[in-house]
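Trainee: I would like to learn how to read a model like this one. Where do we begin?

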Amino acid sequence: MASLASTAAVTGSGISVGNGITDLHGRQDYATRLRRARLGLFVAVTPILMLFISFTSAYIVRQGLPTFDPGTNSLTRDWIPVHLPSILLVNTCVLLLSSLGVELARRQIKKETALVFAAPSPAAPSVAGKGLPWLSMTLLLGLLFLFGQWTAWRQLAASGFYVATTPSSSFIYLLTGTHAIHLIGGVIALFVAAMASVLHRAVTTRSIMVDITAWYWHFMAVLWVYILCLLEFAS
Amino acid sequence: MATQEFAAHGTHAHAAPQGFIRKWIFSLDHKVIGMQYTLLGIVAVFVGMFLSLLMRLHLVWPSAVLPFLGEIKPETYLSLVTMHGTIMVFFVLTTAPQAGFGNYALPIQIGAPDMAFPVLNMLSFWITFLAFLSAVGAFFVTGGAPLHGWTGYPPLSVLQSSGPGEAAGADLWGISIALFCVGALLGALNFITTTLDMRARGMSLMRMPLTCWAWLLTAILGLLAFGVLLAACILFLLDRNIGTSFFVPLGTINGVVTAHKGGSPLLWQHLFWFFGHPEVYIAILPSMGIISQILSVFSRKPVFSYKGIVYSMLTIVGLSFTVWGHHMFVSGMSPYSGYAFSITTMAITVPSAVLTFCWLATLWRGKIRFTTPALFGIGFVSLFVSGGVSGPFLAQPALDIPLHDTYFVTGHFHLIMGVASMFGILGGLYYWFPKMIGRMMSESLGKMHFWITFVGAYAIFIPMHYLGLSGHPRRYSSLTEVGYLHDLIPVQRFITIAAFITIAGQLLFVVNLCWSLFKGKKASDNPWEATTIEWTTATPPPHDNFGGLTPVVTNGPYEYGVPGAARDYVMQTDPAVATATGD
């Protein structure tokens, strides 16, 4: 192997857990990890977008398709618009509120991280864990949203619209269900981020977790608004 | 070896595992994961080849009774067609060159200690492995494997009563494809993030080896295409199991009216081929990168027009999303749409031709070392041209409509997508095997393997073009009763014999692989005298690739024959010589 002109080894991130000791390398390490995680998230939401774009194209195409009616021996439209349960509007408000909550949590942890880097002294004022209530609130609102969606599906079923009843009901369940599955991923991420706070993990780690979860959560909120508009106005 | 530039980097994301399970099974190390993917690809290719042998046997000897398998029925033949295509396209051509070699070599080539997200990397392999088990498992459920072809066209694929393999077998097929999509998406996430964010100091995008460009672009293609296929698979499984009607119109199956109505089989075709045509490039782009690398190394010349190759691959990626309709010319699409898809398809020949000329110009007046990887690289170019020239025929609706359902298409896509890509994979395997294992593969066995495979590939697939031009339909299991096809049976027999010899030739590869694993000559760190970074580190590389150091890149990836240099090559990390691209 080639002889290597190496420099001294640098070990660790330079940040000890939660006590505010830091250095330049630690800040660079944090910035690198945050940038990488954000890039990963940006890449990860692309196929989710492609998934919903595909569903949208299928939705638009399927609406316009005629079907053969053997009773009248002619082509007819089988697209029966389904009245969306009004609870979906309440759910939307809940999700938007949760998005606000996670943003507050994100800003709080950013402040916490900045303080740790700015004031390495152990005597610096502690802001550790101040974002936890916002995270918990978001988590609860997320669960409430999922419960609301479940209620909406029960209402649809009660009015006779199951997954396979009509093409429009199929798409309602498909779009809302796929969104809910992705949102459950966000709920799990929120839970993990909250647990990291409870367990006093390194502030940089917590900051990255909350940051990524928050952006994902915002994406979920925007995606939900899009789905609702599609179902309500593109019929 | 000259002094090369390295700097220290931070602690590796995870420590070197000690136990067998963590080191070789549930490993987070990109190198082990790369080798796992490669091994999966090798197992899958032999399964796929075995299925193709059974198909070839049946075509020329339809009433043969095979040991353990009995007589191959027409529906079994269709199952073999389906699973051969599925396994080869997904688990060989998509898996080995991208996930296999890419996982192994990409981080080392850009000077990174690992992939950006090692846990996701491990998950992506195991999800892909589960997908493979699900696909193969379709043979063992009631009714057997599905009949609907690897393209899964509804309504045949969606209606459980439409054939013996369309019950649980088709569900397993759909689940397999959906799982594969998830695994591939996780892989693409890692490839893109790693390439964009973890390059060593000095490794600008335009200093990356062309392999890295190919893996990056393939990952972008996969990121955009597999999401669409996943959506199609979800609708497919809902139609099959919940009773929705996304793809199935009103109709009768075996005299019984189905519960579906109003769906569109064409909707599946649009979604499938929006994925399906980029998939062709997902299969071949990594091989293009690999052979660009190999041709430069073994002709001892810089690759001809590095930028030309990069921009051509970029153009192909862009155009690949605009051509899916050429797979649907026979679906009754508007002639105007057909015309548009025809133009975009023809346009792809331009960057493809540029690539071919770049490869030929790289070889031109080179001091070619005819090693096994070099032979497979040159073989790739030959097959790419031979398979590619029939592309513009099929790009024109007027020609595609009579040829579409014939062996002409089978010959075309096998040459360009199947065998050419396989040559890239084999070239890559012979090229990186010394780095992976620390031993050389046998050159004499390797060359025998090459010539049998090269001649065999032409002997199998060129005659298929003539069969197609003679009107021989594909997918049919038995043609002995059809008068005008009777005269073509000798050609089919010739193809079958060629297939047997070619597949038997692959045993040479297996022998070489097994023998070289334990008895091969010890490999040095840089046995090919190549310039890219993986050849600067130990063979096999340590857990973090560079022993706690990070390369500092000062040169381009293909610095051969540099005036003033002590040797005929300059490593990417060698600071001793300023080169044209090492500003």
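**Reading a two-chain model**

Mentor: Start with burial: of the 235 residues in chain A, 36% are buried. Keep in mind that this is a predicted model.

Trainee: What share of chain B is buried?

Mentor: In chain B, buried residues make up 57% of the 583 residues.

Trainee: How far should I trust the coordinates?

Mentor: Look at confidence, chain by chain and then for the complex. Chain A has a mean pLDDT of 86, with 85% of its residues at 70 or more. Chain B averages 93, and 96% of its residues score at least 70. For the complex, the predictor gives an ipTM of 0.92 and a pTM of 0.93.

Trainee: Which stretch of chain A has pLDDT under 50?

Mentor: Residues 1–22 of chain A. The model has 57 contacts beyond four places in sequence for that stretch. Read those contacts with the confidence value beside them.

Trainee: Next, the elements. How many helices and strands does each chain have?

Mentor: Count first, then read the order. Chain A has five helices and three strands. From its N terminus the order is β-α-β-β-α-α-α-α. Chain B has 17 helices and eight strands. Its radius of gyration is 24 Å, close to the 25 Å of the globule rule for 583 residues, so chain B is as compact as a globular protein of that length. Along the principal axes, its C-alpha atoms fill a box of roughly 80 × 55 × 45 Å.

Trainee: What do the contacts say about sequence separation?

Mentor: Take contacts between residues at least 6 apart, and ask what share joins residues at least 24 apart. In chain A, that share is 77%. In chain B, it is 82%.

Trainee: How do I read a strand pair?

Mentor: Ask for direction, bridges and the connection. In chain A, β2 (residues 66–69) and β3 (residues 74–77) pair in the antiparallel sense over four bridges. A:Pro66 has A:Arg77 in β3(A) as its bridge partner. The two strands form a hairpin, with four residues between them.

Trainee: Which turn residue has a positive phi?

Mentor: A:Asn73, at about 55°. As for side chains, in a regular strand they alternate between the two faces of the sheet.

Trainee: Where else should I check for positive phi?

Mentor: Check residues other than glycine, then look at their setting. A:His200 has a positive phi of about 55° and is not a glycine. A:His200 sits in the loop between α4 (167–198) and α5 (203–233) of chain A. In chain B, phi of B:Phe68 is near 70°. B:Phe68 lies in the loop between β2 (65–66) and β3 (70–71) of chain B.

Trainee: Why does A:His200 count as exposed?

Mentor: Count C-beta atoms inside 10 Å; the cut-off for exposed is 12 or fewer. A:His200 has 12 such neighbours, so it counts as exposed. B:Phe68 is also exposed, because only 4 other C-beta atoms lie within 10 Å and the limit is 12.

Trainee: Which peptide bonds should I inspect?

Mentor: Look at omega. The bond from B:Pro154 to B:Pro155 is cis, with omega near 0°. B:Pro155 lies in the loop between α4 (118–137) and α5 (168–197) of chain B. The bond from B:Thr539 to B:Pro540 is cis too, with omega near -15°.

Trainee: Where is B:Pro540 placed?

Mentor: In the loop between α17 (489–519) and β6 (549–551) of chain B. B:Pro540 has 15 other C-beta atoms within 10 Å, so it is partly exposed. Leaving aside neighbours within four places in sequence, B:Pro540 is in contact with B:Lys435, B:Met436, B:Ile437 and B:Gly438. The C-alpha atoms of B:Pro540 and B:Pro434 are separated by 7.8 Å, though these residues are 106 apart along the chain.

Trainee: Last, the core. Which residues touch the most other members?

Mentor: The largest nonpolar core has 222 residues, and B:Cys181, B:Leu229 and B:Ala232 touch the most other members. Helix α6 (residues 210–241) of chain B gives the most to this core, with 24 residues.

Trainee: What does B:Ala232 touch?

Mentor: Set aside residues up to four places away in sequence. B:Ala232 then touches A:Ser54, B:Trp268, B:Leu271 and B:Phe272.

How values were computed
Residues numbered from 1 in each chain as written. Chains lettered and ligands numbered in written order. Core = buried A, V, L, I, M, F, W, Y, C linked by C-beta atoms within 7 Å. Buried ≥ 20, exposed ≤ 12 C-beta atoms within 10 Å, placed from the backbone. Contact = placed C-beta atoms within 7 Å. Rg over C-alpha atoms; globule rule 2.2 N^0.38 Å. pLDDT = per-residue confidence, 0-100. Pairing = 2+ DSSP bridges.
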